Structures are given as C-alpha cells and as structure tokens.
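Work through the two exercises below with the model open. Each has a task and a stepwise solution.

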Amino acid sequence: MILQLNQVSKNFGGLAALMNVSFQVNRNEVMGIIGPNGAGKTTLFNLITGVLTPSSGDIIYQQQSIVGLKPHKLTEIGLARTFQNIRIFGQLTVLENVMVGAHVRSKAGLWHGLWKTPFARREEGNIKQRALELLDFVGISNHADDTAEALSYGKQRRLEIARALATEPEILLLDEPTAGMNETETTELRDLIQQIQVMGKTILLIEHDMHLMMSVCDRLAVINFGKKIAEGQPDQIQSDPAVIEAYLGKEAV
Amino acid sequence: MISFTQGRFVKMRWMAAVLLVLSMVVMAGCGGNSASTNKQSANTAKIGVPAYLSGAGAAYGEAIRQGLELAQSEINAKGKIKIELIFEDTKGQKNEAINAVNKLINKDNVVAIIGPTLSGEMFAAGPIASQAGVVIMGTSTTAEGITEVGDYVFRNALPESLAIPNTVKKATAKYNLKKVAVMYSNNNDWAVSGYKTFMQSLKQNGVEVLTVETFADKDTDFSAQLTKIASLNPDAVMVSSLYQEASLILKKARELGIKVPFVGNNGFNSPQLMKIAGAAAEGAIVSSPWYPGKDDAKVQAFIKAYQAKYNKAPDQFAAQSYDALYIMVNALEKAGSTTDRKKLRDNLAQIKGFQGVTGKFAFDEKRNPAMEATVLIVKNGQFTELK
Amino acid sequence: MDFILNPYYLQIVMFMAINAVLGISIYLTLSTGQLSLGNAGFMSIGAYVSALLTIKAGAPILVSVLCGGVAAGCMALLIGLPVIRLQGIYLAIATLGFGEVVRVIVLNLKITNGALGISGIPSMAVIFGKQLSEVGLSSGMGGLTLQQIANLLVLLVLIAVVAVLVFFCIRVHNSRVGRALAAIKADEKAAEVMGIDVTYYKILMFCLGAVVAAIAGGLAAHLTFYIGPKDFAYHRAVEILLFAVLGGSDVVWGPLLGAFLLTALPEVLRFAAEYREMIYGAILVVMMAFRPQGLLSTQTLRYIKEKLGRSRVNDTSTQPG
Amino acid sequence: MFWQQVVNGLTLGSTYALIALGYTLIFGVLGIVNMAHGEVFMFGAFVGLLLVTTFQLNIFVAILGAMIVGCLLGVILEQAALRPLRRRSVSHLAPLISTIGVSIFLESLALRIFGPQAQAFPASVAGQLLSIGPLKISSVQILILAVSFGLMLILRFWLQKTRIGKSLRATAENIETANLLGVNTNKIIVMTVALASGLGAVAGVLVGLAFNAVEPTMGVTMGFKGLAVLIMGGLGNVTGAMFGGIILGIAEVFSVAYGSSSYRDAVAFGIIIIILLWRPQGLFGAQKGGH
C-alpha cells in the first residue's frame with residue numbers, strides 16, 4: 001500500500017464536493033477512478049496533490065499524513081500529476097518543459113547558475129540527458145527544440161506525462177490523459193501507461209474511456225455525487241448494480 | 001512551428017510597434033531641425049530658461065515665461081542688447097532640470113540661465129551650472145541655502161527667511177498675538193522651509209504655538225485640521241503653502257467660524273488667493289516685494305503692459321522674472337559682452353541700486369537679494385498695505 | 001569622443017545607465033509574473049540610506065550603495081512574505097501602498113530632512129576627481145581635463161554596474177533557476193505541482209528587484225547632488241514600469257532597450273515635452289493591446305539571431321571566391 | 001470638537017466610498033482593478049463644473065451631464081484598453097498596466113485642457129451651511145452621504161434581484177460559462193464599466209462640490225484612497241466598499257484630530273498592509289482566502 005484515503009471530505013461554501021471517500025492504492029498497480037461528470041474526481045486529485053486541503057479526513061502516503069503539505073513538497077516526496085485541461089509551459093521549448101520537471105531532483109541554486117560551476121554544468125548535462133530520454137520514451141524527442149504550444153494536442157498530453165515522469169515520482173496521477181485523442185492515439189497511450197507500470201511506478205488514473213479503463217486498470221473506484229459507490233477489480237465493477245444504476249439510470253436496472 | 005496565420009499576426013503586431021517607435025523618432029528629427037535653425041548675431045545674448053512649464057505647477061512656469069517675454073520684447077525693442085530666450089520644460093522634476101540645464105549650457109551655449117522654478121530643482125541643477133561656470137539665477141527659489149550650492153548661483157526671489165520675520169513682527173505688533181496655530185504643506189520643500197522660518201520668528205517674538213498641523217500639496221480637505229485648530233481658539237493662524245491650498249484653507253476656516261487673521265508665506269502673494277477664496281480671503285496677511293497697488297510709475301506701466309499682452313493681472317512670479325531679465329541685461333551691459341560667462345558673473349554680483357517693479361534691488365555678498373518687502377493685507381478683495 | 005565628453009550627453013548617458021538598472025529591477029520581479037509598483041519606493045530607500053551613510057558616516061560610496069540595497073531587500077522581504085501568497089493584483093496594490101508609506105515616512109523623518117530633501121551629496125565625479133588629483137593627475141591626462149576624466153570614470157562605473165547585472169540576469173536565465181522562473185511566469189499552479197517552490201522564488205525575485213532598484217537609487221543619489229521625496233513618487237514607479245512594458249520583459253535586453261529609448265526620446269522630443277505623459281500613457285495602452293510582450297521578446301531575439309546567423313553563413317560562403 | 005470631527009470623517013469617508021463603489025463594481029464583474037477610475041472621477045468633476053459655470057446649468061442637470069460623459073468615457077475605456085486584451089489570453093497584469101496608461105493619459109489631457117489650477121463651483125451651488133447645535137454641516141455633505149448610501153442600496157438590489165444584475169453576477173463567476181448560458185458578456189462588460197464610470201463621474205462632481213476644488217491631479221489622490229478601500233472592504237464587495245470608505249475617512253480624520261496630521265496620508269496604506277497581513281479577503285469579504 002502506497003497511498004490511502006481515510007474518510008476524506010471537501011466542501012465548497014456549503015456544497016459538499018466529496019463525502020467520506022476512503023480507498024487505498026497498492027504499490028505498482030494501476031488504479032482507476034471513474035464516475036460521471038462532476039462526480040468529484042478532479043477534486044480528489046487536487047486534494048491528493050495538495051492544490052486543495054480536505055475539509056476533513058486524512059490522506060496517508062507511505063505511512064505519513066500528507067494533509068497540509070504544499071504541492072511542491074508532495075512532488076518532492078514522490079507524487080506527480082497531469083492536468084485535465086493541459087497545463088504545459090507554452091512559451092518554453094518541449095525539452096525545457098521536461099527539464100522543469102527535473103527541478104525537484106536537482107540542486108544547483110543561484111550561485112552555481114551564476115558561475116556555471118562544474119557542478120552546475122554536470123547537473124545540467126544530466127538533466128538534459130534524462131529529459132531527452134524521457135522525450136524519447138513518450139515518443140516526441142523529434143520535437144525537443146520546438147516551443148511547447150506548437151505541439152499537437154495528443155503530443156502535449158505526452159509532454160505532460162514526460163514532464164511528470166521527470167520529477168521521478170513513486171505515484172503518477174493522470175487526469176483524463178486520452179481526452180480529445182483519436183483511437184490510435186488512445187491505444188498508444190495505453191501502451192505508454194503499461195510501460196510506466198513496468199518501470200515500477202504506481203498510477204492513479206481518471207478516465208472516461210471505459211474500454212481503456214477496463215483493459216489497463218488493476219482496480220477501479222467509482223465515485224458518484226461525491227461518494228464512493230464501489231471499488232474492486234474491473235469485472236466486479238462491471239457487474240456492480242450500484243455502478244450500473246449510476247451510469248445508466250434507474251430504468252436500466 | 002507557428003502556423004501561418006498566427007505568424008502573420010505576430011509580424012503585424014511587431015510592425016505596429018516598430019511603426020510607433022519610428023514615428024516618434026521622425027517627430028524627434030523634425031524637432032531637431034527646427035531647433036538648430038536659430039542664428040545669433042554678436043550683440044544677442046542667449047539666455048536659457050528651464051521652467052516648470054507643464055504638469056501640476058505649470059501656472060508658475062507660465063507666469064515666469066510671460067514676465068520674461070514681456071521684458072524681452074521691451075529690451076529687444078530698445079535694441080542695445082538683443083535677448084534670445086531658450087525655454088526648457090523641467091516639469092518640476094529634478095532630473096529634468098539637470099538635463100535641461102546641461103543642455104542649455106553645453107548644447108545651446110547660453111551665457112546665463114534664469115530659473116529653474118522650484119528650489120528643489122535648483123539644489124540639483126545649481127551645482128552643475130556653477131561647475132560649468134555659468135550664472136544661474138532663480139526668480140522663484142525662495143528656500144533657505146539656495147545660493148550656497150555654488151558661486152554662480154543667484155536669486156532675485158526674496159528669501160522667505162527675510163519676508164516671514166518681517167510679516168510675523170508686524171502682525172504680532174498689530175494684532176497683539178499671544179498664541180497661534182501653524183499649518184504647512186509638508187510635501188513641499190519650499191513650504192517646509194517657510195514653516196521653519198515661521199517657527200523661528202514666532203519664537204523670537206515670544207508667541208506661543210498651540211499646534212502645528214500639516215497637509216500636502218493638492219489636498220482639498222482641511223476640515224479635520226481646521227476643526228482641531230478652531231477648538232484651540234488661536235489669535236491667528238500661520239500658513240505656509242501655495243495659494244491653492246491657502247485659498248481652500250481660508251474658505252473652510254471661515255466656514256467653521258475661525259475669524260482670526262491668517263498670516264501667510266509667499267504663497268498668499270497672488271491675486272488667485274482672492275479669486276478662489278473670495279470673501280474668505282479678507283484678513284490674509286503676507287509680505288511681498290511685489291505690490292501691485294504701489295504708487296510707482298514703473299509698477300503701473302508694467303501692470304498695464306502685462307494686461308495688454310496677456311489679458312490678466314501679473315503676479316509676483318511674473319514681476320520677479322520681469323525684473324530678473326532686466327537685472328541680467330544690466331550686468332551684460334556692464335560686462336560689455338554677450339558671451340563672456342565669467343565677466344557676467346562678476347558684474348552681476350556687483351549689481352546695486354537697481355530699480356525694478358519689485359522695488360529697489362541689490363545682491364548681497366551671498367548673491368541673495370537685498371530688497372524691501374511691504375506687508376500686505378487683503379481688504380475688500382484687494383491687497384493693501386498693512387499699516 | 002567629443003560627443004561623450006559634452007556634459008549634456010554624458011549626463012544623459014548616465015541617466016540611461018541608471019534607468020537601465022531600474023529596468024532590470026522591474027524585470028527581475030516580473031520574471032515570476034509579479035508586478036511591483038513599489039520600485040520607486042525601494043529606490044528611495046537606497047538613495048536615502050546611501051546618501052546618509054556617505055554624508056553622516058563618511059562611508060565610501062560603494063559600501064553605502066550596497067547598504068542601501070540590503071536595507072531595501074529586507075523591507076521587500078517584510079512586505080513580500082504576507083502578500084506574495086495572494087493573487088498578483090494584491091502585490092501590485094500593496095507595493096503601490098508601500099511606495100506611498102515610504103514617501104510619507106521620508107517626509108516626516110528628521111534625518112531625511114522632510115520635503116527639503118538632502119542636498120550637498122558628494123557626487124561620484126567630484127570624489128573621483130579628488131582621488132585622481134591625489135595621485136598626481138590634477139592637470140589631466142591625454143588632452144582631457146581632470147573633470148572630464150572623472151566624468152568618464154563615473155560613466156565607466158555605471159556601465160560596469162549595468163554589465164554585471166546583465167551578466168547576472170543572462171546567467172540566471174539560462175540556469176536551472178531561470179527555468180523555474182520561466183515556468184512560474186507561464187503557469188504558477190502547474191509549476192508548483194511540478195515541484196517548484198513558487199513562493200520562495202517569487203519572494204527571492206521580488207527582493208532581488210528591490211535590491212537592484214535600491215542600488216539604482218544609491219547611484220542616482222551620488223550623481224545628482226540632491227535627493228528629495230518628489231523624485232520617488234508614483235509617476236516614477238510608472239516610468240520604471242514603462243521600461244519593461246515598452247522594451248519587453250521576457251529577456252533582460254527588453255527593459256534595457258526600454259530604458260534607453262525612454263531616456264533618449266524625451267531629450268530629442270523636448271519640443272513635445274508637454275505631451276510626454278500623454279505619449280507615455282498611450283504607449284502603455286497600445287503595447288498592451290498590440291504587443292504585450294514588448295518590443296523585444298524571446299521570439300524576436302531568436303529571429304534576430306537567425307538573421308545574423310544566416311548573413312554570417314552567407315558571408316563565409318562568398319569569402320573563398 | 002469630537003462630533004464635528006465625526007461629521008468631517010463621515011463626509012470624507014462617504015466620498016471615498018463613492019469612488020470605491022466604482023472600483024468594486026468593475027472588479028466584481030471583471031476581476032480587474034481599473035486604475036483609470038480616479039481619472040474618470042476627475043473628468044466627471046470638470047464636466048460638472050463646466051456645465052455649471054460655462055453653460056449656466058442647474059447643478060442637478062450638471063450631475064446628470066457628468067454621469068453621461070462618465071458613461072461615455074467608460075465605454076471608450078472598455079473599447080480601447082480592456083476589450084483588445086480580452087480577445088486573447090494575456091497575463092492578468094495586462095489590464096492593470098493598460099488602465100494605468102489610460103489614467104496617465106487622462107490626467108495629462110486634463111492638465112492640457114483645464115489647466116493645473118484648482119477651480120471651484122460658484123458659491124450659489126456650493127450649498128448652504130447648516131448649524132445643528134455646535135455642529136456645522138453643509139447641505140452638500142448631507143447630499144453626499146445620502147447619495148453614497150442610496151447608491152450602495154440600489155447597487156445591491158440591482159445586482160441581486162434584477163435580470164441584468166443576475167447576468168452580471170454570472171459573468172463575474174465565469175465569463176466562458178456565462179457565454180454558454182447565453183449571456184451577452186461583451187454587452188454586460190461594457191455596461192458594467194460604463195455604469196461604474198458614470199458613478200465615478202457623479203462622485204467627482206459631489207466631491208468637487210464638497211471640497212470646493214476641482215483639479216487634474218485629484219484623480220490620482222482620490223483613486224489611491226479608493227484602492228485602499230477596495231482592499232479594505234474586500235475585492236468586489238459592495239457593502240465592504242461602503243463601510244470601508246467610511247472607516248478610512250474616519251480613521252484619517254481622527255489621525256489628524258488626535259494624532260499627527262503629517263501621517264494622515266500613510267493611514268490608508270498602513271491599513272492596507274495590516275489588512276493584507278491579518279485578513280487578506282478584506283473586512284467584509286467571504287472567508288475564501290486570496291486565491
């Protein structure tokens with residue numbers, strides 16, 4: 001077990017976005033989170049990555065509560081994410097975007113940068129090397145020197161993943177990575193996710209594409225109206241009446 | 001890889017920006033041409049005038065410009081020495097004054113400078129002119145210590161350190177002042193200097209100061225300060241500020257029922273005071289070398305000529321700059337040269353017994369004016385002598 | 001040479017250098033996407049602290065200017081800590097307010113001499129002149145008078161300061177820290193989630209900007225004999241902002257270009273002085289509408305470099321013939 | 001003296017509130033601090049003055065005229081300085097900078113047109129002085145108080161109850177969503193800026209009347225105070241602007257009455273800094289934090 005949510009709730013004003021959600025993520029598994037639009041999935045991600053603080057409940061990462069830690073601290077201890085609406089640094093080059101991801105794993109401060117010390121040079125060299133490898137890994141290394149905003153939509157998604165991987169995370173949170181992708185791109189992305197799993201990372205995945213989720217996830221949690229209504233392996237979820245009701249409405253039951 | 005349309009837009013924007021800059025440079029080029037077409041003959045003296053011509057204090061610069069131009073037209077009509085005035089706008093800012101003075105000295109090669117308008121500008125620009133060996137004469141720089149910044153720094157503005165004690169003494173005797181309130185604009189160097197002189201001369205005359213209240217230039221609400229002063233029942237209120245604030249203070253004070261005399265620094269010395277404050281200005285007291293009501297042919301002729309040319313009554317700024325140019329010409333004539341800066345300085349320092357519209361005038365050994373000031377009081381909307 | 005020896009042009013070039021330093025100060029703060037309208041206030045702290053140290057304690061100019069920088073840096077830290085966590089708008093307004101508070105305090109303190117300001121500040125040119133005559137150069141050298149040599153020395157010092165700062169900015173820009181700054185400017189939230197301590201870098205750059213503004217203030221105080229609270233009012237802050245807006249704030253050359261243009265133009269445009277503020281205002285609006293990245297942006301630089309590179313290639317290709 | 005000072009503080013405070021209402025309205029809908037608001041206020045004052053002096057019009061007609069000119073200025077401001085920025089994604093600082101540009105432009109334009117001197121309304125319209133016991137209140141002071149409270153109430157009602165107000169608030173929530181819901185956001189934004197500017201112009205005339213001086217730099221000074229109130233009351237909060245203004249006015253007056261007048265101008269910004277340290281959402285803002 002790498003990540004555990006205990007009775008996590010989040011209110012906005014008087015509105016409850018999440019209510020007493022609990023589940024756990026095991027090391028090196030792909031855990032999927034599904035649910036209708038507005039169910040609270042992205043809120044859940046924001047809570048885990050420290051962008052929001054839970055109104056109550058606890059989030060445990062590697063035996064340690066991470067509630068109240070700032071996002072950059074969380075990245076430091078091994079959580080990385082992508083965004084539902086892509087947030088790359090558009091004016092920077094593709095390579096630089098990935099190198100930003102390596103920030104948390106490098107040290108050269110103002111002083112080293114100013115004098116281009118041997119240490120800084122070596123570190124920059126390593127970061128660059130690593131970034132190129134990651135670009136290669138996600139398959140966009142031929143765009144390394146283009147500005148990021150010039151990339152196509154699908155490639156920007158891949159860039160985001162490369163950037164997140166550059167932070168050397170233990171657990172990677174992907175927020176709708178196939179949104180807006182065509183079928184081939186989606187298939188390629190599934191392969192990419194599986195490769196990341198092979199690398200030994202844990203993945204937490206939000207996605208609407210049921211087909212993809214069923215084939216790539218080891219386990220799934222279902223959220224509806226801010227509550228977790230089911231959790232289990234894909235085949236269990238598929239036959240869970242509560243899930244079917246949530247997705248297809250009462251008539252279908 | 002910017003798409004074609006985007007790229008074109010970027011280029012268009014870029015071109016728009018370049019055009020903006022280019023058009024400014026072209027405008028600049030035209031200006032340069034017109035400036036360099038001026039020619040001068042042997043008996044023409046070029047005098048530079050850095051003045052506060054635009055911005056919040058433009059009214060002062062404007063009066064100075066008009067006074068100078070009136071004197072210039074009279075002098076040039078006589079024909080002995082011709083005067084060319086080169087105006088530079090300092091916008092009341094120190095750096096601008098420095099640049100303007102540097103330009104006048106090193107680019108326009110002026111023989112002397114009349115200006116700048118503010119004491120703060122003079123503190124910065126005076127040393128530069130002095131170092132370059134060019135006479136710089138302030139017509140409105142009344143703050144303490146102005147002429148100490150350099151041997152070439154002169155002024156014909158009556159320093160507040162002479163005018164205020166004169167006023168305070170007369171007012172104290174006349175109204176038997178025992179306790180007064182003091183107000184001043186604390187973001188105006190010149191008004192602060194005036195305030196300090198007020199405090200000194202009040203002390204010398206044994207008058208008690210009940211409270212000191214400050215405000216800032218361009219303030220319009222004085223009700224809090226005046227309410228406080230009203231509750232203390234002073235015999236008089238001393239105010240050191242420009243006329244605009246002074247007028248508003250008088251108005252509000254009368255509204256709040258403060259009926260005592262108001263004694264002012266040089267800022268009170270303007271017809272604008274009565275224009276803005278109206279009836280509330282009654283009883284305002286100030287010392288001035290410039291007194292339009294003076295029974296003097298020269299003064300009346302000046303007022304008439306000024307009225308005719310600008311369709312308004314001259315104020316002290318116009319009067320003093322008018323005199324300043326005559327003083328300068330006087331020294332130029334004595335020096336016998338329209339270009340020798342050193343000779344001009346030495347002859348200027350010797351000026352004595354000059355009779356101008358602001359009275360009899362001489363420079364003392366510190367290049368400050370030695371002149372007499374009349375204590376004036378506003379009566380029936382007019383400055384009249386306080387006797 | 002005659003051109004640069006003419007005190008008028010010399011003075012303008014000196015003001016350009018000071019303004020360039022101010023431009024760099026706002027560039028530093030803007031490099032994290034933060035707008036400070038308090039740089040005039042920091043400048044005044046630098047000017048007053050260094051002027052007072054030179055006059056009252058007889059400190060060498062270099063030391064006093066640096067002390068001014070440190071003082072401003074500490075003030076920036078005090079303001080930055082609570083405000084920088086909030087939206088960018090808050091920093092702009094808080095620094096605007098800070099500038100006003102500094103102005104009022106300067107007006108009220110005895111040691112700053114209120115509105116009268118501090119006059120008789122030893123100028124760098126005078127001090128250099130003295131030192132030169134002590135080493136036996138009182139009659140000048142190589143056809144130049146002592147005063148001219150001293151003035152040129154001052155200019156050299158100022159250019160050196162600008163050069164050092166530009167070097168600093170370029171090196172930082174191309175380093176790991178520079179990449180983090182660019183990321184923060186592009187998308188603060190994403191940068192934070194990518195593991196960048198956004199608050200730390202924002203405060204760091206805000207304070208550095210304050211230090212540099214204060215250094216400009218200290219240098220300016222030792223150029224002009226006199227400083228007063230009026231020199232550091234709101235309009236000054238807007239002028240500093242203009243350097244970055246006109247020139248651009250993506251690369252350090254932008255605010256430099258802005259400072260050069262906006263110091264030179266008023267001199268060539270003297271006849272239009274009354275319209276200057278109006279032109280300034282128009283520049284702000286027009287730039288924001290049509291070219292918010294300023295005249296020089298990363299793309300422009302890249303474009304210029306490519307052009308230069310291409311022409312160089314052409315040159316070499318024609319050479320062998 | 002105490003009560004007279006309270007009256008002074010209320011008068012001053014209600015003028016601050018009047019200005020801050022305009023700032024707040026624009027911030028509430030657009031999330032923009034309109035730095036040119038002070039100058040619109042100043043222009044309004046001059047227009048009112050001109051209508052009364054040169055055209056010999058009744059003061060209430062003049063106020064109406066100033067309001068119309070203010071609205072027009074608002075429309076121009078929106079078209080020139082805000083709309084071009086909205087068309088594409090620019091930094092959130094762009095509108096701030098662009099409105100600073102407008103403010104500088106308008107200020108120097110006013111200096112050119114109207115000259116630097118302060119001008120006053122003729123004594124006949126400046127209002128009578130009423131003596132209530134030991135207190136002296138001018139009729140304009142009462143008018144200002146009434147107008148600012150009235151406007152606050154109207155604004156609140158209008159924002160909450162009317163259809164236009166509701167679309168205004170929808171736009172404030174999220175421009176894109178409002179667009180999707182069929183709100184013509186461009187129209188709403190122009191209306192907001194015009195309304196706020198019209199309010200600013202009326203405030204200008206009233207303040208010009210109350211202090212008997214209208215001059216080109218009054219926009220900057222009053223604009224700064226308005227900004228202080230904006231932060232104090234909470235960005236975009238109508239009630240906050242009202243009470244924030246009054247608190248600031250009273251605080252300033254009392255700093256003079258019982259403290260030192262020379263620190264008066266630091267009060268406003270001292271308050272800003274304290275507020276930002278202690279309660280960044282403003283005195284009346286909802287507990288949401290600055291983000």
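Domain bounds here come from an automatic or database domain assignment. This is a predicted model: local features need pLDDT of at least 70, side-chain atom pairs count only at pLDDT 80 or more, and totals for chains, interfaces and linings use all residues. Residues are numbered from 1 along each chain as its sequence is written, chains are lettered from A and ligands numbered from 1 in the order in which they are written, and side-chain values use heavy atoms, with hydrogens and water left out.

**Exercise 1.** Describe how domain 1 and domain 2 of chain B meet.

Solution.
1. Set the bounds: domain 1 of chain B is 45-158 + 294-371, and domain 2 is 161-288.
2. Their C-alpha centres lie 29 Å apart.
3. Count contacts (heavy atoms within 4.5 Å). Each domain of chain B gives 13 residues.
4. Take the buried area (accessible area, 1.4 Å probe, that two parts lose on being put together, summed over both). The two domains of chain B bury about 1,100 Å², 52% of it on carbon and sulfur atoms.
5. Tyr60(B), Leu158(B) and Gln316(B) supply 41% of the area on the domain 1 side, more than any other three residues.

**Exercise 2.** Describe the interface of chain D and chain B.

Solution.
1. Chain D brings 27 residues to the contact and chain B brings 28.
2. Together they bury about 2,300 Å².
3. Pro116(D), Gln117(D) and Phe211(D) supply 19% of what chain D buries there.
4. Look for salt bridges (a side-chain nitrogen of Lys or Arg within 4 Å of a carboxyl oxygen of Asp or Glu). The rule finds two. One of them joins Glu215(D) to Lys218(B), with the closest N and O atoms 3.5 Å apart.
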